[in-house]
Amino acid sequence: MNAKTGTIKIGDKSADLPVMSGTLGPDVIDIGKLYGATGAFTFDPGFLSTASCESKITYIDGDEGILLHRGYAIDELAEKGDFLETCYLLLYGELPTPKQKAEFDYTVTRHTMVHDQMTRFFQGFRRDAHPMAVMVGCVGALAAFYHDSTDITDPKQRMIASMRMIAKMPTIAAMAYKYNIGQPFVYPKNDLGYASNFLRMCFAVPCEEYQINPVIARALDRIFVLHADHEQNASTSTVRIAGSTGANPFACIAAGIAALWGPAHGGANEICLDMLREIGTVDRIPQFIARAKDKNDPFRLMGFGHRVYKNFDPRAKIMHKTCHEVLKEMGIKDDPLLDVAMELERIALSDPYFIERKLYPNVDFYSGITLKAMGFPTSMFTALFAVARTVGWIAQWKEMIEDPNQKIGRPRQLYVGQTKRDYAGIDQR
Ligand code: SDX
């Protein structure tokens, strides 16, 4: 990286700060020496202008609507590859050879079972527990079952933990769904692909053979690719911070699942479908657009807007296409929710409020309609996002652990509370 220099002057103090350039994207100012030289911190709540790390995994150009994983465009990966190929790429940095792909698929497939005592873990939840609450609990508990892959200093153990997480997440998510609907757990089958295995674990019943629909399986695999990784988003940053303390990988991923659950992040796909249901019909759209623009109303158009994309989210375009494919395959001629979604998108994209703020549909806007058409309840939408994002969290966690300059993440603050004052006994208050 070539280094230029920026100078910050504060009163009679100044700091010459190196400016570094990456291979793509904005330069960064290395402020590591700022506090020592000037006694001042930077201040950037929400990290609108802050790069937290160096990374080689994913690049997003928000203005151009570009998303690259290890240099490959998301639309090519989604259309031409499959999810486990993208997993390999994110973890190892290169697309696999046929031999490498076969070995990777074999390894992941043979880690899909969970320790059978995990089934007892589920008995402790209410049947109507939200699948994300179950996943946070179960994934964190994996550390209690797999002591042989929690030593983060051992590269072999790190890779075993990574494989276990990628492989077991669909099994745990499917178990959460089965428990929720009172059906028996369905074990994974080693002769099925990743998405097909997940569909069967969710929708098969012991009373009859489950027929995999290849169009639906391919669509779900593509949806997993679209959600695999996304640079330093809130849940990935959570995983990195947790990992920087040396916590075991299962605990770090559980932290990522918890962060993803929020409605401003991965939870948006569930809330977005609820919003489309609440709007109900096209004629009711204007009142909701008005609410989204009203500063006194906390309502926001879910599935719209993004911290980085100020153009179309490239994933949303592929999701929209997949949505039509799935509806057609499921024989759903006219889904009123899709009509509402498409009209809502048309109106919003022509409204100055959304245009000025560069608010476009994001990955969550069409995913809910698609997943609902596949047969998933809204409560499972974010769980599916977590299944897919696990590889991104793992890849980013691995990159952070293997960074020789890695330190514990410990930001400072602008203190605006009380100055020092004497204690007053209760009889003096
Ligand atoms: C994901 O970071 C990632 O990469 C995340 C993700 C990933 O793959 O990991 O892409 C996945 O989380 C997608 C985003 C899903 N969330 C939603 O769809 C929830 C609805 N969207 C918003 O809450 C919002 O757009 C965020 C949270 C996504 C982004 O918020 P920012 O960047 O902090 O922007 P902001 O809240 O400061 O909004 C800027 C302006 C504000 O208006 P003004 O104060 O300037 O007048 O835009 C407005 C906001 O009120 N605005 C919206 C809006 N989103 C922003 N107004 C109405 N509806 C919206 N959806």
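Here is a quick tour of a few spots in this structure, from a ligand site to a small sheet, a covered helix and some single residues. Keep in mind that you're looking at a predicted model. The ligand has 24 residues around it, and the protein covers 77% of the 1100 Å² of accessible area that the ligand has on its own. Elsewhere, three strands make an open antiparallel sheet, and helix α17 has seven of its eight residues buried.

**Around the ligand**

- Start with the residues that come closest to the ligand: they are H230, L301, H306, R315 and R389.
- What kinds of residues make up the shell around the ligand? It's a mix of ten nonpolar, seven polar and seven charged residues.
- R315 brings a polar side-chain atom to 2.7 Å from an oxygen atom of the ligand.
- K295 also uses its side chain, where an N or O atom sits 3.0 Å from a ligand oxygen.
- L301 does things through its backbone: an N or O atom there is 2.8 Å from a nitrogen atom of the ligand.

**The three-stranded sheet**

- The strands line up in the order β4-β5-β6, and their pairing is antiparallel. That puts β4 (58-61) and β6 (72-73) at the edges, where each pairs on one side only.
- As a bit of background, strands of a sheet pair through backbone hydrogen bonds, and they can do so in a parallel or an antiparallel way.
- β4 and β5 (residues 66-69) are joined by four bridges. If you want to trace the pairing yourself, find I60, which stands opposite L67 in β5, and D61, whose bridge partner is I66.
- The hairpin of β4 and β5 has four residues between the strands, and G65 in this hairpin has a positive phi near 65 degrees.
- β5 and β6 pair over two bridges, again in the antiparallel sense. Here H69 has Y72 in β6 as its bridge partner.
- β5 and β6 form a hairpin too, with two residues between the strands. R70 sits in that turn and has a positive phi of about 50 degrees.

**Helix α17 and its cover**

- Is helix α17 (residues 367-374) mostly covered or mostly open? It's mostly covered, with seven of its eight residues buried.
- The buried ones are S367, G368, I369, T370, L371, A373 and M374.
- Several other helices help to cover these buried residues, including α8 (194-203), α9 (214-226) and α12 (268-279). The cover also includes α14 (314-329), α15 (336-348) and α18 (381-401).
- Just past the end of α17 you'll find G375, which takes a positive phi of about 110 degrees.

**Positive phi without glycine**

- Most residues other than glycine have a negative phi, which makes the next two worth a look.
- F47 isn't a glycine, yet it has a positive phi of about 55 degrees. You'll find F47 in the loop between α1 (34-38) and β4.
- Is F47 buried or exposed? F47 counts as exposed because its relative accessibility is 56%, and the cut-off for exposed is over 50%.
- K358 isn't a glycine either, and its phi is positive at about 50 degrees. K358 belongs to the loop between α16 (352-356) and α17.
- With a relative accessible area of 40%, K358 is partly exposed.

**Two more loop residues**

- N233 is in the loop between α9 and α10 (234-244).
- Why does N233 count as buried? Its relative accessible area is 13%, and buried means under 20%.
- Leaving aside neighbours within four places in sequence, N233 is in contact with H265 and R389. With H265 there is a polar contact, side chain to side chain, at 3.3 Å.
- R389 turns up twice in this tour: it touches N233, and it's also listed among the closest residues to the ligand.
- P298 sits in the loop between α13 (285-293) and α14. P298 is exposed, with a relative accessible area of 76%.
- How far is the C-alpha atom of P298 from that of S149? They're separated by 44 Å, and the two residues are 149 places apart along the chain.

Note on methods: Residues numbered from 1 in each chain as written. Predicted model: local features only at pLDDT ≥ 70, side-chain atom pairs only at ≥ 80, totals over all residues. Heavy atoms only, no water. Buried < 20%, exposed > 50% of the residue type's maximum accessible area, 1.4 Å probe, protein only. Contact = heavy atoms within 4.5 Å. Pairing = 2+ DSSP bridges. Near = heavy atom within 4 Å. Polar contact = N/O pair within 3.5 Å; in protein donor to acceptor, adjacent residues only side chain to side chain. Areas by Shrake-Rupley, 256 points an atom, 1.4 Å probe, with all protein chains shown as cover. Nonpolar A, V, L, I, M, F, W, Y, C, P; charged D, E, K, R; others polar.
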